[in-house]
Amino acid sequence: MKILFSPWSRITRRSLPVVEVRLSIKEGAQNFVEPNPDFQASILNGSMQEVGTATFGISPLDDTIYVYQIDVYPQHRRRGYALAFLSWLSSEHHLPVTPVHIVGNALGFWSAARALPDQVLIVSKELRLSEMAAEKNRWAYMISEPEHIRLQRICEASPT
């Protein structure tokens, strides 16, 4: 039996770089996890220097974190900051991470993230753009109906 060595199997939370994360609510027309907000994160290293940004949202069912984008600035790449951010997200919210629409140049990164031990990070299967509407239907009942739609529905149902 051949045993394959994975350098990722040795990674623990302690071996990742220290990051601090500053969050703000992302304003915009599109919000996948409505009624929850989407978040914009600034990823800071141990010297409090911004090394990257990320955008994510937490499922209204509180069962996963959707990561839309992680961007570590070129001069800080390949030092573990993105993995440290994902580990922070997972430990902060105690939820698995689901990448949304992985682009070609990020396939290796997400593969490495999935290879990490479960005590560091759990990464779910990618959510593709074509699957987002069906996924959002899981919590559609939680989104309040706009007042004008409610009134229109009531008028249409009324016999008078």
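Contact here means heavy atoms within 4.5 Å of each other. With that in hand, helix α1 of this predicted model is a good place to start. The buried residues of α1 pack against a whole list of elements: β1 (20-25), β2 (38-44), β3, β4, β5 and α2 (107-115). The helix itself covers residues 81-93 and is mostly covered, with 10 of its 13 residues buried. Those buried residues begin with a run of Tyr81, Ala82, Leu83, Ala84 and Phe85, and the list goes on with Leu86, Ser87, Trp88, Leu89 and Ser90. From its first C-alpha to its last, α1 reaches 18 Å, close to the 18 Å expected at 1.5 Å a residue. Just after α1, His94 takes a positive phi of about 55°.

Now for the strands around that helix. Strand β4 (residues 65-72) pairs with strand β3 (residues 50-58) in the antiparallel sense, and seven bridges hold the pairing's count. One of the partnerships can be picked out by name: Ala54 has Ile70 in β4 as its bridge partner. The hairpin of β3 and β4 has six residues between the strands, and in this hairpin Asp62 takes a positive phi near 55°.

β4 also pairs with strand β5 (residues 97-99), this time in the parallel sense and over three bridges. Here, Val67 has Pro99 in β5 as its bridge partner. Put β4, α1 and β5 together and they make a right-handed β-α-β unit. So much for the backbone; the aromatic side chains come next.

A pair of aromatic rings is described by the distance of the centres and the angle of the planes. Rings of Phe, Tyr and Trp count as a pair if their centres lie within 6.5 Å, and by this rule the count comes to eight aromatic pairs. Phe109 and Trp110 form one that is edge-to-face, at 5.2 Å centre to centre and with 75° between the planes. That label fits because planes over 60 degrees apart count as edge-to-face.

How buried or exposed are these two residues? Phe109 has a relative accessible area of 24%, so this residue is partly exposed. Trp110 counts as buried because its relative accessibility is 6%, and the cut-off for buried is under 20%.

Elsewhere, ring pairs link Phe32, Tyr66, Tyr68 and Trp139 into a cluster.

Definitions and conventions
Residues are numbered from 1 along each chain as its sequence is written. This is a predicted model: local features need pLDDT of at least 70, side-chain atom pairs count only at pLDDT 80 or more; totals for chains, interfaces and linings use all residues. Side-chain values use heavy atoms; hydrogens and water are left out. Two strands pair if DSSP finds at least two bridges between them. Helices (H or I, at least four residues) and strands (E, at least two) are DSSP runs, numbered from the N terminus. A crossover is right-handed if, with the strands pointing away from the viewer, the path from the first strand over the helix to the second runs clockwise. The expected span of a helix is 1.5 Å times one less than its number of residues. Buried means under 20% relative accessible area, exposed over 50%, partly exposed in between (1.4 Å probe, protein chains only). Rings of Phe, Tyr and Trp (its six-membered ring) pair if their centres lie within 6.5 Å; planes under 30 degrees apart count as stacked, over 60 as edge-to-face and the rest as tilted.
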